[in-house]
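Biologist: Could you take me through this structure step by step, for someone who has not seen it before?
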Amino acid sequence: MTVITTAGRIETRLADYRDPLQAAAVVELLDSYARDPAGGGTPLPASVREGLPAALAARPQAFSVLAFDGDTPVGLINCIEGFSTFACQPLVNVHDVVVRASHRGQRVAQQMFALVEQEAHRRGACKLTLEVLSGNAPALRSYEREGFVSYQLDPEFGHAVFLQKKL
């Protein structure tokens, strides 16, 4: 299924990982994010750059949204479907959000999130989730404009904290 939306000069679409140009855009944009201090400041390893499109294509729970300004890729959101046991429904985790510096402040992320939300609804998801570094104020403001809020059940227990354990 190909979904394309346009607003002004920016076109957003669900990525086709098997399309060489779109696969290259996914890798190029993700690598630019990885090189940025907000993404860790380190380029993606060659094995990731080479294998990512096929690995994503092999996972039906994965989808990505690309934004283009003409033929130039300017934005990417990678998503992975998960499952909410409390709701007994799918959820969509927004894993990566990338907007080229040249296009920040132009609501590119807003356009991509509209398509993410459309796809999440199509999949029957009950919610979108994401994690963001607490010092990334521009991203936090953007996500809050999109309706994201800190997660908590009971204020006495505080807000959810994202943790990881590398294997």
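**Strands, cores and cysteines**

Modeller: Strands β4 and β5 run antiparallel to one another and are paired through 10 bridges. Please keep in mind throughout that this is a predicted model.

Biologist: Which residue of β5 stands opposite E81, and which residue takes a positive phi in the hairpin of β4 and β5?

Modeller: In the pairing of these strands, E81 stands opposite V92 of β5. The hairpin of β4 and β5 has four residues between the strands, and the residue there with a positive phi, near 55 degrees, is C88.

Biologist: How many bridges pair β3 with β4, and which residue has a positive phi in their hairpin?

Modeller: The pairing of β3 and β4 is antiparallel and extends over eight bridges, with D69 standing opposite T72 of β4. Their hairpin has two residues between the strands, and the residue that takes a positive phi, near 65 degrees, is G70.

Biologist: Is R13 buried or exposed?

Modeller: R13 belongs to strand β2, residues 10-14, and its side chain makes a polar contact of 2.5 Å with the side chain of E11. The relative accessibility of R13 is 18%, and the cut-off for this class is under 20%. R13 therefore counts as buried.

Biologist: Why is β2 described as largely enclosed by the rest of the structure, and which residue of β3 is the bridge partner of R13?

Modeller: Four of the five residues of β2 are buried, so the strand is largely enclosed by the rest of the structure. One residue of this strand is I10, which counts as buried at 4% relative accessibility. Five bridges join β2 to strand β3, residues 62-69, in an antiparallel arrangement, and in β3 the bridge partner of R13 is L66.

Biologist: Which element gives the largest share of the largest nonpolar core?

Modeller: The largest nonpolar core has 23 residues, and those with the most contacts inside it include I77, V94 and F113. The elements that give two or more residues to this core are β2, β3, β4, β5, α3 and α4. The largest share, seven residues, comes from α3.

Biologist: What does F113 contact, leaving aside its neighbours within four places in sequence, and how many residues does the other core have?

Modeller: With those neighbours left aside, F113 is in contact with I77, V94, V97, L130, Y143, E146 and F148. Apart from the largest core lies another, which includes A15, Y17, L29 and F68, and the number of its residues is 16.

Biologist: On which side of α2 do L52, P53 and L56 lie, and what covers the buried residues of this helix?

Modeller: In helix α2, residues 46-57, L52, P53 and L56 are buried. They cover an arc of only 85 degrees around the axis, which means that they lie on the same side of α2. The face turned away from the buried side carries the exposed residues S47, E50 and A54. What covers the buried residues of α2 includes α1 and β3.

Biologist: How many disulfides are there, and how far from C88 is the nearest cysteine sulfur?

Modeller: The count of disulfides comes to zero. C88 counts as exposed at 58% relative accessibility, whereas C126 is partly exposed, with a relative accessible area of 33%. C88 is in no disulfide, and the cysteine sulfur nearest to it, that of C126, lies at a distance of 9.7 Å.

Definitions and conventions
Residues numbered from 1 in each chain as written. Predicted model: local features only at pLDDT ≥ 70, side-chain atom pairs only at ≥ 80, totals over all residues. Heavy atoms only, no water. Buried < 20%, exposed > 50% of the residue type's maximum accessible area, 1.4 Å probe, protein only. Polar contact = N/O pair within 3.5 Å; in protein donor to acceptor, adjacent residues only side chain to side chain. Pairing = 2+ DSSP bridges. Core = buried A, V, L, I, M, F, W, Y, C linked by side-chain atoms within 4.5 Å. Contact = heavy atoms within 4.5 Å. Disulfide = S-S within 2.5 Å. Arc of directions from axis to C-beta.
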